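Visitor: Could you take one part of this protein and go through it closely, with the cut-offs behind each term? I would like to follow it from a single residue outward to the whole.

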Amino acid sequence: MDFRFDVTQVLRKRISVFTADSLPRHPALLERVMEIIDELGVASAKAQGLRGPVTTSTKLCASPTHRVYLMKHEAPIDPPPPLPDPALEYEGMSDAPPRMMRRKRPLVIGMIKVGIKNLFLVDEYGRQLQISPLCVLDFYIHEDYQRKGCGRELFDYMLTIEMQRPGHLAYDRPSPKLLGFLRKHFGLVDCYID
Ligand code: ACO
């Protein structure tokens, strides 16, 4: 996902986390982070066939327990350098530069949003219980990067920061792809569905 600005100005690490409180204070940087979150929210809604986005910068600002993890990828622009002739290199005569730096284009490729959600469950005796688990509210990897392990990488990072296990999270209206993802990576076949 390309933006009209350099995303590394606001996304310094491969995965960056934002809450309402940790959004940049500088207006220009804030505007950029909000634009990234809003575009990912729209793309995720489109991928899931939803009428409107679950994730928007406005909702993040209004939800103190929500955290959005944004993932970027530095896609190489230049083709790989030619391999040097081993014979020439041995004699120290290779024309190829020993190491060619490749230019990279930073792209935003995914996001996951989590937050506390109040759920009402009925136990086996018909009693209503209220629980407030951490819930995966939205999860999206750009179509060009799906099924390459990026979702797992982002999910694992979120689990580490949140100090959670997949089976202890709730999943808000999981899509068929998310159900497949949870089954494949974590063997989860049953989850709380709101
Ligand atoms: N069809 C079925 N299963 C899929 C698909 C697909 N098109 N894409 C990914 N998966 C599942 C499969 O189990 C797949 O394993 P496989 O390729 O061996 O079949 C596994 O995910 C791949 O794992 P990763 O590569 O780590 O995951 P990926 O980078 O594809 O990200 C994600 C998974 C986020 C679900 C991605 O597919 C996506 O963005 N889907 C569209 C949006 C969506 O449905 N998001 C979940 C919304 S529900 C919620 O957030 C509570």
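Guide: The place to begin is L159, which lies in helix α4, where helices (H or I, at least four residues) and strands (E, at least two) are DSSP runs numbered from the N terminus. The model is a predicted one, in which local features need pLDDT of at least 70 and side-chain atom pairs count only at pLDDT 80 or more, while totals for chains, interfaces and linings use all residues. Residues are numbered from 1 along each chain as its sequence is written, and side-chain values use heavy atoms, with hydrogens and water left out.

L159 is buried, with a relative accessible area of 9%; buried here means under 20% relative accessible area, exposed means over 50%, and partly exposed is in between, with a 1.4 Å probe and protein chains only. Setting aside residues up to four places away in sequence, L159 touches Q164, R165, P166, L169 and F186, a contact being heavy atoms within 4.5 Å. One of these partners, L169, is 10 residues from L159 in sequence, and the two C-alpha atoms are 9.5 Å apart in space.

L169 also leads to the largest nonpolar core, which has 23 residues and in which I112, V136, F139, L154, F155, M158 and L169 have the most contacts. Such a core is a set of buried Ala, Val, Leu, Ile, Met, Phe, Trp, Tyr and Cys residues joined through side-chain atoms within 4.5 Å. Two or more residues of this core come from each of β2 (67-76), β3 (104-116), β6 (134-141), α4 (150-162) and α5 (176-186), and the largest share, five residues, is that of α4. Within the same sequence-separation limit of more than four places, L154 touches I15, Y69, M71, G110, M111, I112, F139 and I141. Apart from this core lies another, of 19 residues, among them M1, I36, L70 and V108. In soluble globular proteins, nonpolar side chains tend to be buried together.

The strand β6 deserves its own paragraph. Eight of the eight residues of β6 are buried, so this strand is largely enclosed by the rest of the structure. It pairs with β3 in the antiparallel sense over seven bridges, pairing being assigned if DSSP finds at least two bridges between two strands, and here G115 stands opposite C135 in β6. With strand β7 (residues 170-171), β6 pairs in the parallel sense over two bridges, and V136 stands opposite Y171 in β7.

The ligand comes next. Of the 25 residues around the ligand, F139, R147, G149, S175 and K184 come nearest, where a residue is near a molecule if one of its heavy atoms lies within 4 Å of it. An oxygen atom of the ligand is 2.9 Å from a polar backbone atom of G151, and a ligand oxygen is likewise 2.9 Å from a polar backbone atom of R152. The protein covers 84% of the 960 Å² of accessible area that the ligand has on its own, areas coming from the Shrake-Rupley method with a 1.4 Å probe, and for residues only the protein chains shown count as cover.

As for the whole, the secondary structure comes to five helices and seven strands, following the pattern β-α-α-β-α-β-β-β-β-α-β-α along the sequence. Buried residues make up 37% of the 194 residues in the protein.

Methods. A polar contact is a pair of N or O atoms within 3.5 Å; within protein, one must be able to donate a hydrogen and the other to accept it, and residues adjacent in sequence count only if both atoms are side-chain atoms.
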